[in-house]
Amino acid sequence: MSTFVQITVLMSSAIETGFQEKIDQDIRIEPRDWMPEAYRKTLIRQISQHAHSEIVGMLPEANWITRAPTLKRKATLIAKVQDEAGHGLYLYSSAETLGVSREEMIDQLHQGKAKYSSIFNYPTLTWADMGAIGWLVDGAAIMNQVPLCRASYGPYARAMVRICREESFHQRQGFEILLVLSKGNEAQRRMCQDAIDRWWWPSVMMFGPNDDASPHTAQSMRWKIKRFTNDELRQRFVDVCAGQVKLLGMHLPDPDLVWNEARQHYDFGPIDWNEFREVINGNGPCNKERLAARVKAHADGAWVREAALAHAQKNSIREKAA
């Protein structure tokens, strides 16, 4: 090995060591800071997947805006869907600071090369599903996302602060929908329990594979992109929901759910990872429908993007001429 190569290797090692020391000291990494290529790619994968999930996640809820039972429910659901759109924009903007364009990320989604949360490939069959999504799906999202407010990458962490505040509102909104139904007539109570039954296990799967089967967890923990493992977050979620469901007078669809005094946690039943893999691989109940809807919406909105660009160019020309 030549002296030049040796010096280059030593310098590279020193830079990487300095990067990890900043991480270990909880010093935020900013866009202009040096970072390993693997760190950048990991962030792009995670943030873009998160952004796609927010945008695709608008679809199953927007489906119920015109069918919500009251004007108040319609207005609240519209506000929630608008929030999700905003979350997607914050996250796409965060990812762009890593050198990837929004167009590239969206193209990857439309071509099926990028993933989004598997939870949004399930159908919303009744109004109670709006409650179950708010309580369980947004509840799982909050459990995942609150630690991301302390993620090592600055733009991502800062975006998550506002997102988590709004997601907390969404969770309360969903629980309140279920609470009203749980105090209603027998048909409404059945609707409430049915929604919980259908959304519980997909929500538990939202935390991803078990730790021993998760290829990215260990490195993401070392880089402090993640602060807790999949299994740790999943256990917290189960513990919280097992208590909250009692307030609804309902039950979670898990016959193995039982409090473990020794562990001070709830034990819960086995997860159907075959179902998880099927949905992730594009074979869920609504995978094709969701992706087709996103592609169509993007194509239909092309004229808006073109008009906005033309308007901006005209303004730029006027300003230069002034």
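Which helix does Ser94 lie in? Ser94 lies in helix α4, which spans residues 71-96. More on that residue comes below. Please keep in mind that this is a predicted model.

1. **The chain as a whole.** The chain has 13 helices and two strands. Its C-alpha atoms fill a box of roughly 80 × 65 × 35 Å, taken along the principal axes. The chain is 322 residues long, and buried residues make up 46% of them. The chain exposes about 16700 Å². Carbon and sulfur atoms supply 58% of that exposed area.

2. **Contacts along the sequence.** Take the contacts between residues at least 6 apart in sequence. Of these, 76% join residues at least 24 apart. Several examples follow in the points below.

3. **Ser94 and its surroundings.** Ser94 has a relative accessible area of 5%, so it counts as buried. A polar atom of its side chain lies 3.3 Å from the backbone oxygen of Pro155. Set aside the neighbours within four places in sequence, and Ser94 is in contact with Ile47, Tyr153, Pro155, Tyr156 and Ala159.

4. **Tyr156, seen from the other side.** Tyr156 touches Ser94 in turn. It also touches Leu43, Gln46, Ile47, His50, Leu91, Leu148 and Ala151. This list leaves out residues up to four places away in sequence. Note that Ile47 is touched by Tyr156 and is also in contact with Ser94.

5. **The nonpolar core.** The largest nonpolar core has 78 residues. Which of them touch the most other members? They are Tyr39, Trp135, Tyr156, Trp200 and Phe237. As general background, nonpolar side chains tend to be buried together in soluble globular proteins.

6. **Aromatic pairs.** The structure holds eleven aromatic pairs. One of them joins Tyr39 and Trp223. This pair is edge-to-face, with 5.4 Å from centre to centre and 90 degrees between the planes. It links distant parts of the chain, since its two residues are 184 residues apart. Tyr39 sits in helix α2 (residues 37-56). Trp223 sits in the loop between α9 (217-222) and α10 (230-248). Are these two residues buried or exposed? Tyr39 has 0% relative accessibility, so it counts as buried. Trp223 has 7%, so it counts as buried too.

7. **Trp200 and Trp201.** Another aromatic pair is formed by Trp200 and Trp201. It is edge-to-face, at 6.5 Å centre to centre, with 65 degrees between the planes. Both residues are buried.

8. **A cluster of four.** Tyr39 and Trp223 also belong to one aromatic cluster. Phe19 and Trp34 complete that cluster.

9. **Trp201 in more detail.** Trp201 is found in helix α8 (residues 186-205). A polar atom of its side chain lies 3.1 Å from the backbone oxygen of Pro253. Leaving aside neighbours within four places in sequence, Trp201 is in contact with Pro253, Asp254, Gly269, Pro270 and Ile271. As for Lys296, its C-alpha is 30 Å from that of Trp201, and the two are 95 residues apart in sequence.

10. **Arg190, in that helix as well.** Arg190 lies in helix α8. With 53% relative accessibility, Arg190 counts as exposed. Arg190 and Ala62 are 128 residues apart in sequence. In space they are 23 Å apart, C-alpha to C-alpha.

11. **Arginines over rings.** Arg67 lies over the face of Trp64, at 3.8 Å from the ring centre. Arg236 lies over the face of Phe228, at 4.0 Å from the ring centre.

12. **Two positive phi values.** Most residues other than glycine have a negative phi. Where is Asp26 placed? It is in the loop between α1 (3-24) and α2. Its phi is near 60 degrees, a positive value in a residue other than glycine. Asp26 has 47% relative accessibility, so it counts as partly exposed. Gln264 also has a phi near 60 degrees. Gln264 is found in the loop between β1 (258-260) and β2 (265-267). With a relative accessible area of 43%, Gln264 is partly exposed.

Terms used: Residues are numbered from 1 along each chain as its sequence is written. This is a predicted model: local features need pLDDT of at least 70, side-chain atom pairs count only at pLDDT 80 or more; totals for chains, interfaces and linings use all residues. Side-chain values use heavy atoms; hydrogens and water are left out. Rings of Phe, Tyr and Trp (its six-membered ring) pair if their centres lie within 6.5 Å; planes under 30 degrees apart count as stacked, over 60 as edge-to-face and the rest as tilted. Helices (H or I, at least four residues) and strands (E, at least two) are DSSP runs, numbered from the N terminus. Buried means under 20% relative accessible area, exposed over 50%, partly exposed in between (1.4 Å probe, protein chains only). A charge sits over a ring if NZ of Lys or CZ of Arg is within 6 Å of the ring centre and within 35 degrees of the ring normal. A nonpolar core is a set of buried Ala, Val, Leu, Ile, Met, Phe, Trp, Tyr and Cys residues joined through side-chain atoms within 4.5 Å. Contact means heavy atoms within 4.5 Å. A polar contact is a pair of N or O atoms within 3.5 Å; within protein, one must be able to donate a hydrogen and the other to accept it, and residues adjacent in sequence count only if both atoms are side-chain atoms. Accessible areas come from the Shrake-Rupley method with a 1.4 Å probe; for residues, only the protein chains shown count as cover.
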